[in-house]
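The following exercises concern a protein and the DNA strands beside it. Please study the sequence and the structure before reading the solutions.

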Number of protein chains: 2
Amino acid sequence: MLIGEYEHSLDVKGRLIMPAKLRESIGENFIITKGLDGCLFGFSKIEWERFEEKLKSLPLTNKNARDFVRFFLSGAVECEIDKQGRFLIASNLREYASMEKEVVIIGVGTRIEFWSKDKWLKYNSDENMSANEIAENMTMLGI
Amino acid sequence: MLIGEYEHSLDVKGRLIMPAKLRESIGENFIITKGLDGCLFGFSKIEWERFEEKLKSLPLTNKNARDFVRFFLSGAVECEIDKQGRFLIASNLREYASMEKEVVIIGVGTRIEFWSKDKWLKYNSDENMSANEIAENMTMLGI
DNA sequence: ATGTTCATATTCACCAATAAGCATTTTATG
DNA sequence: CATAAAATGCTTATTGGTGAATATGAACAT
């Protein structure tokens, strides 16, 4: 299970450290693709296959579904973590996520998300997550 | 059952003593996450796994669900209590809860809460919590 | 009171993870 | 080919996490 929040920075070549605590779960080779809300998604190979299966099952006849599938598949790149724990983020993905230097990496259960620090801070300061809303959801889930 | 109020202080590296009386119930490894009202939550592994199962079942396509899952999973860290009864609180969590030195630790049944002393005092002095008000609410809940 | 034990606080030293800069190899292109 | 650009690899310094040692203080028994 992928959890936690980490902050690292891109080097001049666009490489990023994979936090040591996530390395084992994500695997040496993993898939990175455009994500929702302006971040990038990272999936272990297993999780990616599961995700692909879901995409495959969507009806080709539905325009929304076609868009959804194109979005994720066209953006997908396989990454390899090097001996020093780094991997290269393709430039189109860096651009998509507005990444320049500082990157926030979060574990979200079945996937990793990569955020430009700016976007992450903005996301968290928005009323996305009012305490009341969280509390309501917690009650619903019986915590 | 986790009960009681304790006060301890962070060392220079951000480690905190787990009160001896709570150690057995919370376990040697436990999960700490962002909580409500500016505190941190601590869950035993059992409690946490129950919660994780629920989070996993939420749909990726729903923005509310994504926000909720992100909040708890990105804010979660597994902690290990060392031989001296201490554990490290990740720096992003210390920051979230405005912890500098003095920390108040309270048992709240199924979880532990960690408060910066300042916030705890403020929380208790606010009209949040007059004994009368609590009593009224108890009546409402049929206690 | 006095000594004993246990819990907590504090400090230090060591080690692993990361950041950054530079060097080398590979690939693409004219 | 020759050259530039990109990718990959290596080295070093720094930071932060971890464990050990010691000090302090409270609780308890004698």
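**Exercise 1: DNA strand C**

A backbone N or O atom of A:Ala20 lies 3.2 Å from a phosphate oxygen of DNA strand C, a polar contact being a pair of N or O atoms within 3.5 Å; within protein, one must be able to donate a hydrogen and the other to accept it, and residues adjacent in sequence count only if both atoms are side-chain atoms. The model is predicted: local features need pLDDT of at least 70, side-chain atom pairs count only at pLDDT 80 or more, and totals for chains, interfaces and linings use all residues. Residues are numbered from 1 along each chain as its sequence is written, chains are lettered from A and ligands numbered from 1 in the order in which they are written, and side-chain values use heavy atoms, with hydrogens and water left out.

Task: state which atoms of B:Ala20 and B:Ser9 approach a phosphate oxygen of DNA strand C.

Solution.
1. For B:Ala20, a polar backbone atom is 3.4 Å from a phosphate oxygen of DNA strand C.
2. For B:Ser9, an N or O atom in the side chain is 3.5 Å from a phosphate oxygen of this strand.

Task: describe by class the surface near DNA strand C.

Solution.
1. A residue is near a strand if one of its heavy atoms lies within 4 Å of it.
2. Ala, Val, Leu, Ile, Met, Phe, Trp, Tyr, Cys and Pro count as nonpolar, Asp, Glu, Lys and Arg as charged, and the others, Gly among them, as polar.
3. The surface near DNA strand C then has 7 nonpolar, 4 polar and 7 charged residues.
4. Of the 18 residues around DNA strand C, A:His8, A:Ala20, A:Arg23, B:His8 and B:Arg23 come nearest.
5. Sugar and phosphate make up 91% of the atoms of DNA strand C that come within 4 Å of the protein.

**Exercise 2: DNA strand D**

Task: identify the parts of DNA strand D that A:Arg15, B:Gln84 and B:Lys83 approach.

Solution.
1. The residues around DNA strand D include A:Arg15, B:Lys83 and B:Gln84.
2. Sugar and phosphate account for 19% of the atoms of DNA strand D that come within 4 Å of the protein.
3. A:Arg15 places a polar side-chain atom 2.9 Å from a base oxygen.
4. B:Gln84 has a side-chain N or O atom 2.6 Å from a base nitrogen.
5. B:Lys83 has a polar side-chain atom 2.7 Å from a phosphate oxygen.
6. By class, this surface has 2 nonpolar, 2 polar and 8 charged residues.
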